[in-house]
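Here is a quick tour of how the parts of this model hold on to each other. Start with the picture, then follow the contacts.

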Amino acid sequence: MQPVLELKQISKKIKKRDIVIDINLKVFPGEVMGFLGPNGAGKTTTIRMITGLIRPTSGDIYISGHHVHQHRAQAMAQLGTIVENPELYKFLTGRQNLQQFARMAGHVGPGRIAEISEMVGLTGRIDDKVRTYSLGMRQRLGLAQALLHRPRLLVLDEPTNGMDPQSMRELREMIRKLAREEGIGVFISSHQLAEVQQVADRVAIIDKGLILRVESLEQLANEGRQQLVVTVNKPQQAATLCSQLVYCHGVKVEEDRIIMELEPERTPELVRELVRAEIDVYELTRRKFILEDKFIDVTGGDIHV
Amino acid sequence: MFRGLVVNEWLKLIHKRRFVLTTAIFLAFSLYSIGNAYYWNYVKHPPKAPAVIEQELRSAITNTNKKLATVKPGSEEWLSNTEYLTDQKLNLEEQGAIKNGQWQVVAKKRIAVLEKRISEKEAAEKEVGWEYEELAKNKYYLAHNITPEWMYPGKVGGVEGVYSVFGSGALLLALMIVLMVADIVSGEMSDGTVKLLLTRPPGRWKILTAKYVTAVTSTIALVMVGALITLALNGLVFGIHDYNQPEAVGKKYIAKAVQNELGITEIRPFADGSGVKAIPRWQFGLAILGLLLIPLITVATLTFAASVIFNTPLVGMGLMTAALMGGVIFEARMGSSTLLLANFVTYLRLYAYLVTGSPVEGDPISPVNLAGAIAILVAYCLVSLAAAYAVFKRRDILV
Ligand SMILES: Nc1ncnc2c1ncn2[C@@H]1O[C@H](COP(=O)(O)OP(=O)(O)OP(=O)(O)O)[C@@H](O)[C@H]1O
Ligand SMILES: [Mg+2]
């Protein structure tokens with residue numbers, strides 16, 4: 001199957017600084033790929049290259065097989081995007097904004113603007129000036145302009161910024177629906193990990209311009225052991241103790257809790273050790289390894305990749 | 001598709017209220033100018049009664065006759081007083097014609113007097129400029145059977161008012177164009193909306209061309225709308241009956257070595273009226289508008305280029321305003337110089353070539369002729385456009 005988005009050996013230097021280094025990625029039709037990384041990781045820079053706003057220092061990008069710079073028109077016809085913030089023409093109404101983009105796409109049918117405003121839930125406000133919109137409403141209009149011309153690839157840079165939880169859920173549902181029902185490939189960046197976890201099929205993790213790993217969500221969720229969270233009176237002392245035990249891994253201290261990975265059958269053994277060291281245990285809980293922790297592990301630097 | 005891009009740009013211009021704002025400012029200026037003309041012609045200098053005018057002319061004739069008796073015949077003073085006497089007598093005859101309608105007789109007499117005067121002066125190698133202009137106008141009255149303006153004393157021409165507004169308002173118009181065009185590209189950079197434009201199928205050069213087309217067409221539209229409204233207002237206040245009155249064009253100045261009073265040879269501007277002809281006022285007005293559009297389109301082009309090259313609208317606006325104001329101040333202080341003649345601001349007065357052969361006020365001898373002036377402006381446009389396209393084509397959009 002031809003990927004809707006393909007990045008081949010993409011690097012970008014800005015003022016002699018490496019911002020993005022050697023990225024290879026593929027997004028397939030119907031797939032939602034999360035693009036995760038902390039602030040300044042290079043997410044927006046990568047998205048600028050995908051959308052043709054900046055040129056990679058080296059490497060090639062293809063949208064539905066069309067080279068973003070050599071066959072710009074064909075590539076852009078397949079792309080819908082919001083880069084960084086949904087900056088729209090504030091002095092125009094929502095509808096007038098969409099009409100601008102319809103004229104630039106060339107093939108947008110007459111009913112499409114009404115249809116898309118309905119879809120993003122802006123029908124009631126579509127004839128108001130964008131100046132009067134809230135941030136969340138601007139995000140919706142940004143989404144509307146991205147989807148107006150029925151692209152094959154949707155590239156969203158932190159689209160939930162400014163949205164309330166209800167809107168976020170709606171957005172997630174919409175993205176899933178577009179991917180499942182219309183086979184659109186979605187590339188969505190975020191540092192809000194929980195949000196990506198709920199919508200993505202695969203996740204690419206970027207830090208300091210490098211892709212650290214690309215993994216399916218199940219893989220990420222299933223790998224590694226379960227975590228044990230122990231609330232104690234002397235967390236530092238407990239952590240030192242646990243680090244010396246061969247069956248405890250990745251011991252961390254979080255306020256009055258220590259967190260570690262260990263196999264469930266070893267739990268009573270651990271408790272005995274703590275009691276012997278005169279450490280009081282208040283609470284013991286298990287939790288599943290969630291993406292957030294994985295993400296911190298992966299990008300945290302001191303811990304193995 | 002390209003038309004759609006231009007439509008988009010025009011809609012933005014209109015919804016940003018740029019076009020309305022600039023038109024309104026120009027209109028305010030135009031209204032001020034009309035008020036001024038009204039004050040000047042009807043309040044400060046109210047039309048005089050025919051009897052008063054005749055009385056004044058008669059006493060001028062009597063005084064000149066007395067004076068002539070005292071000066072040496074054939075001397076410079078005698079010659080100029082004789083000329084003045086002849087003109088006052090003709091003016092008195094005009095007053096008679098206003099009553100009996102026989103303006104043709106006066107026009108014919110004037111033509112005879114002017115032709116004689118021109119040949120005498122040319123034989124004596126003296127300056128002949130306005131005589132040619134008067135001659136051309138009087139011939140025009142007769143040839144086209146146009147009743148001369150002086151037959152309607154106290155009546156101000158509304159058409160004349162239109163192009164006088166545009167002549168004096170050239171700098172203001174240039175500033176309005178800067179205001180209208182300065183953020184056409186840089187505004188999208190600073191607002192971040194450029195990202196919406198450049199992630200669409202049309203390539204960057206097409207987007208930029210649509211913007212340039214909009215900058216130029218809006219400049220033309222501003223001048224046209226301004227002219228039409230000014231014409232309508234002038235017409236309402238003064239009437240447009242003067243649309244077919246003649247205007248003389250084509251006078252030039254040449255450099256001529258003459259001896260001054262101290263006997264030193266110096267170079268002086270010398271009027272040369274040999275190329276003068278008369279055209280109707282409406283044509284004259286259109287010619288002025290046309291000649292005004294060339295430097296104004298140059299201003300639009302330079303502002304457009306500044307808008308591409310600098311990412312903040314304020315920089316382009318500041319630079320262009322400084323260039324325009326600086327150019328005007330520079331001209332007033334320095335007079336003609338190579339630097340001045342190379343500056344586009346000097347050619348805001350391109351229309352002056354119609355009547356003096358030079359764009360520089362106070363220095364009517366210009367080594368640059370009209371074609372040369374237009375070539376200079378075109379060069380400004382081409383160079384700035386080349387820079388704008390080169391910069392925009394490869395620029396990384398990091399906003
Ligand atoms: N115009 C620029 N000039 C120089 N450096 C830049 C420029 N734009 C971005 N950078 C640098 O590139 C790096 C990546 O920035 P980028 O905006 O891609 O990060 P990001 O992953 O989108 O971060 P965030 O989560 O904060 O949006 C940062 O270190 C940033 O300082
Ligand atoms: Mg970013």
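## Where chain A meets chain B

This is a predicted model, and a good place to start is the polar side of its chain–chain interface. Across the boundary of chain A and chain B there are 18 residue pairs in polar contact, counting pairs with both residues at pLDDT 80 or more. On the chain A side, the elements that put in two or more residues are β1 (5-14), α2 (72-77) and α3 (94-105). Of these, α3(A) gives the most, with six residues. Sorted by class, that side of chain A comes to 14 nonpolar, eight polar and seven charged residues.

As for the overall footprint, 29 residues of chain A are in contact with 30 residues of chain B. Together the two chains bury about 2,800 Å², and 56% of that sits on carbon and sulfur atoms. How many salt bridges are there between chain A and chain B? The count is two. If you want one to look at, E87(A) pairs with K195(B), with the closest N and O atoms 2.8 Å apart.

## Salt bridges inside chain A

Zooming out, the salt bridge count over all chains comes to 42. Inside chain A, R150(A) and E115(A) meet in one, at 3.6 Å from N to O. This pair links distant parts of the chain: R150(A) is in the loop between α5 (135-147) and β7 (153-157), E115(A) is in helix α4 (residues 112-119), and the two are 35 residues apart. With a relative accessible area of 40%, E115(A) is partly exposed.

Another one to check out is R140(A) with E170(A), also a salt bridge, at 3.6 Å from N to O. R140(A) lies in helix α5 of chain A and E170(A) in helix α6 (residues 165-182), so the pair ties together parts that are 30 residues apart in sequence. Are its two ends buried or exposed? R140(A) counts as buried, because its relative accessibility is 17% and the cut-off for buried is under 20%. E170(A), with a relative accessible area of 32%, is partly exposed.

## Salt bridges inside chain B

Over in chain B, K109(B) and E93(B) form a salt bridge, their closest N and O atoms being 2.8 Å apart. It joins distant parts of the chain, with K109(B) in helix α5 (residues 103-123), E93(B) in helix α4 (residues 76-100), and their positions 16 residues apart in sequence. Both ends are partly exposed: K109(B) has a relative accessible area of 38%, and E93(B) has 31%. There's a network here too, with E83(B), D87(B), R117(B), K121(B) and E131(B) joined by salt bridges that share partners.

## The two domains of chain B

Chain B is divided into domain 1 (2-47 + 158-394) and domain 2 (48-154). Their C-alpha centres lie 37 Å apart. Even so, 24 residues of domain 1 are in contact with 19 residues of domain 2. The two domains bury about 1,600 Å² between them, 57% of it on carbon and sulfur atoms. On the domain 1 side, P47(B), Q245(B) and P246(B) lose the most area, together 29% of what that side buries.

Two salt bridges run between the domains. E149(B) forms a salt bridge with R281(B), with the closest N and O atoms at 2.8 Å. Six residue pairs are in polar contact across this boundary, both residues being at pLDDT 80 or more. The domain 1 elements that give two or more residues to that side are β1 (246-249), β2 (252-259), β3 (265-272) and β4 (277-280) of chain B, and β3(B) gives the most, with four.

Terms used
Residues numbered from 1 in each chain as written. Chains lettered and ligands numbered in written order. Predicted model: local features only at pLDDT ≥ 70, side-chain atom pairs only at ≥ 80, totals over all residues. Heavy atoms only, no water. Contact = heavy atoms within 4.5 Å. Buried area = accessible area lost by both parts, 1.4 Å probe. Salt bridge = Lys/Arg side-chain N within 4 Å of Asp/Glu carboxyl O. Polar contact = N/O pair within 3.5 Å; in protein donor to acceptor, adjacent residues only side chain to side chain. Nonpolar A, V, L, I, M, F, W, Y, C, P; charged D, E, K, R; others polar. Buried < 20%, exposed > 50% of the residue type's maximum accessible area, 1.4 Å probe, protein only. Domains from an automatic or database assignment.
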